[in-house]
Every structure is written in C-alpha cells, then in structure tokens.
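Q: Please take a close look at a single part of this model. A connected account of its surroundings would be most helpful.

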Amino acid sequence: MKIFKKINYILMLILVLCLSSCMKNISYTHFDLINKDEINIVVTSDLHFLSKTMVEEGSNLLEENYFGDGRIICYNEELIDAFIYQMIKEKPDVVIITGDLTFDGSYQNHLELSKKLKELIYCEIRVLVIPGNHDINNPASKKYLNGGLEKAKYLSAKEYEEMYYNYGRGNAINKDQNSYSYFYQISDTLGVLMLDSNCYSENGDTSKTYMNGYIKEETLKWIDNVLKYYKNLDIIAASHHNLFTHSTMFKSGYQIDNYDKLKDLLEKYNVKLYLSGHMHIQHFNNDDNITEILTSALSITPHQYGVIKYSKHNQYLYRYSTKITNVSGYYKNINSRDSNLLNFDEYSKKFYEKSSYEKAYWQTMFNNSSLHKEAEALGRLMSLLNLPYFEGNAYNIASNIKETDDYKLINKLDMKKYIDSIIDGSTTDYRYLNIDR
C-alpha cells in the first residue's frame, strides 16, 4: 500500500534516533530475558483492525456504525498506525494484545495488521498476542463495497498459527497443544500465561462463531503443569474473555464458562494479576487474591491502553495506569490535512456520543414509536454516561444521574437496567491500580 509506505518513511524520519537501533538485523524468533529491576508492559485489547483495502469508497459502513458500539471504523487503520508510532516512541519492553485483533477475521485484515506489528519487532519490542472470538474461522469476513457486501476469505486456524508465530507463541518456552495458549518468560522473575479462551467447532464447522469463552479440560491440565513448574516466578495471566463478572448486565458470553476451575488453579499458584478485554470497558475486579483488569477497546473512544510497571524489588508488584493514544499528534507530525485526524480527540468524542444517542433512541422508537420523549431522554443519558463508563471514569457523574429528569422519564424502559448497571458499577476510578506483593 503506497500510503502505508509513505507513512512508514515519514515515521522513520521523525524517529531517527529510535529507528537507527531498530534497523539492526535481529532475529524475529528470539529475545533474551530482560535484565532490569523494572519492566514496562503495555496491554491493549480489541483493536478490531479494518484495512482500507477492505472498504470501498462510498461504502455506508460509517453510517451503519452509528448503530453499533461506537468503534471508529472509518479511521481504524489510521488509529492503529498512530498506536504503532507511539509504541516505537515509548518503547515498552512488552506489548500484550488480548484478542479481537481484527474487525471480522478476514485474512487480509490479519495480514496487514501482522505487518504493522512487525514494526515493533524490528524495534526489539516483544509482542504477545492471543486471538479473540472475531479472529479465527469467522464466516462474517467481508469486503464493504459501495452499495453492498462481498464475502472475504477468513483466516484459518493454521494460517493464524503461521501469521502470528513471531508474536508470542513462536518464542514461548511452553505451548499448549490443545489451544493457542502459551507461556512466555520475560525475565528471570516474570512470566506471562497467554490463554486462548475461544470456543471452536469440534467438527470444523465454520458456518458460525461462538461469543462465549471456555478453557478446555486438557488446557487446564497444561496450565496446572506450567504453573507448578514455574511456581517461583511472578506470573501475569491473560485471555480475551473475562475471569470475573464486571457488569450485572453482561455475564453470559463474557465471563469464561468454567471460570471457577481456572480461578482455583490461579489461586493455587498465587497468580495475582489477570488481564482481559472483550467487554470494551475499562474496569477491574478484586476477588480474593486475584485482581482482574479489563483494558478498554483501543478501537473505541478514548482509544486508551494500559501501562503496567512491574518491579521485582519495590513494595508494589504491579502498578497499572491507562494512557490515551495521541492520534492527532501523530498526524500533525506527518503534516496530514485531514481535519478529523488533526482534532481526533474531539472528533472521536462527538462520534461516540452520537453513536450512543442514536442507538438508544432508535432502539426505543423501534419497540414503541409513541415513546418519543422517553427515547430522547434515554439517548441523552447514554450519550452522557457511555463514554466515561467505557473510559473507566464514570464514578464522578454516575451517582447524580438518578436525580435527573431524564432518568425519571426512562423508568418503564428496558434499557433502564443498563443505565442502572453503569451507575451501580461505577464506584471508583478504574484507570489506576497498584497491586502489592
């Protein structure tokens, strides 16, 4: 892609000092253990990458997405380029991606994303990925045409194994043979257990996909053996699906079906931190000795990712915070003329607020067209609450919502349950957390 090559060239000019070291002829398949007291890890999830080559000019995908979940599909590739740039500039030791790598699992989307991630490997940044429920054998893979849709080749299981070989599993010191799970050692004191929690058809049927998560019995045995062998390491576990419940509205399809068996294993070997995505919200949940952090979707406003600082000597074991991808800064640096990219924070915020309003309003009107005032009230509440909720920062405004006129108007609507789940589930700032030893 000519545009992509041009962007890479400009990026290389901007980051001369960084990339001069990145261009060494390094091995893709081997990284030495990190030897330092503090290790910097970035965790991101739900990139939902969609290549420009899969969206024909004139496609109405943008308009349709206002009735979706607010992902910035029309600028998704630009967002990922900005994120890659930021990672090269900040140079964390490790980037963990907890699934839903692509929008719909098409081969072309995976191919182009894997090429972009290779820029990080060139800069000696370890990249650890696991698939999400969108990524493998997805019959929904499409090309979005001007006036219609066209089926596209999806990524098969074998192709996934080959394409993402150098993004964790190929460099792992222990691999599960019954899933795409693997164990990756980062330093002499830290390892990461990357768990494939997706459900796949046992008979090879690719006519449908599964949203729910499950850990196979054989994989549980493998996890037990791995944790037993590496019991002297501090271990971070990660999957696409959730270990704990993070919303009263969303449990089925989000929490791993047999989470209890996995939880017992993690507690048995004192695993203190669990990472996941899938829900697109920024949240954490403490249950006994395990803390699970959901990192919000990179593809949704405010396009943030998690930063974990691991210390092997300090009082804290892990220090977690979020950081926003500086999209507008990147496109100012390369002299873009697209006003939306140059003012991306504002554009993305308005896009998400409109998406939240439209979805709530039209769903209400579809069920009962006489509820115009109620639909408007619900739309306003969703527009107000959704963004800070997905950002992990709704606790500042959630407690006052029940006193508003809009809240009183939606009393008879089914979606009131969702509003209540946001209010009841927003009790702190979920963007920051320290986990002690």
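**Helix H7**

A: The buried residues of H7 pack against strands E6 (174–175), E7 (182–185), E8 (190–195) and E9 (234–239), and against helix H8 (259–268). Helices (H or I, at least four residues) and strands (E, at least two) are DSSP runs, numbered from the N terminus; contact means heavy atoms within 4.5 Å. The model is predicted: local features need pLDDT of at least 70, side-chain atom pairs count only at pLDDT 80 or more, and totals for chains, interfaces and linings use all residues. Residues are numbered from 1 along each chain as its sequence is written, and side-chain values use heavy atoms, with hydrogens and water left out.

H7 comprises 13 residues, 217–229. From first to last C-alpha it reaches 19 Å, close to the 18 Å expected at 1.5 Å a residue, where the expected span is 1.5 Å times one less than the number of residues. Its buried residues are Thr-219, Leu-220, Trp-222, Ile-223, Asp-224, Val-226 and Leu-227; buried means under 20% relative accessible area, exposed over 50%, and partly exposed in between (1.4 Å probe, protein chains only).

The strands that H7 touches belong to an open sheet of 7 strands with mixed pairing, in the order E6-E7-E8-E9-E10-E12-E11. E6 and E11 (283–287) are the edge strands, each pairing on one side only; two strands pair if DSSP finds at least two bridges between them. On this sheet, H7 touches E6, E7, E8 and E9, and its direction makes about 180 degrees with that of E8. H8 also packs on the sheet, touching E8, E9, E10 (273–276), E11 and E12, at about 120 degrees to the direction of E12. Axes are lines fitted to C-alpha atoms, for helices over the stretch in contact, and angles run from 0 to 180 degrees between N-to-C directions.
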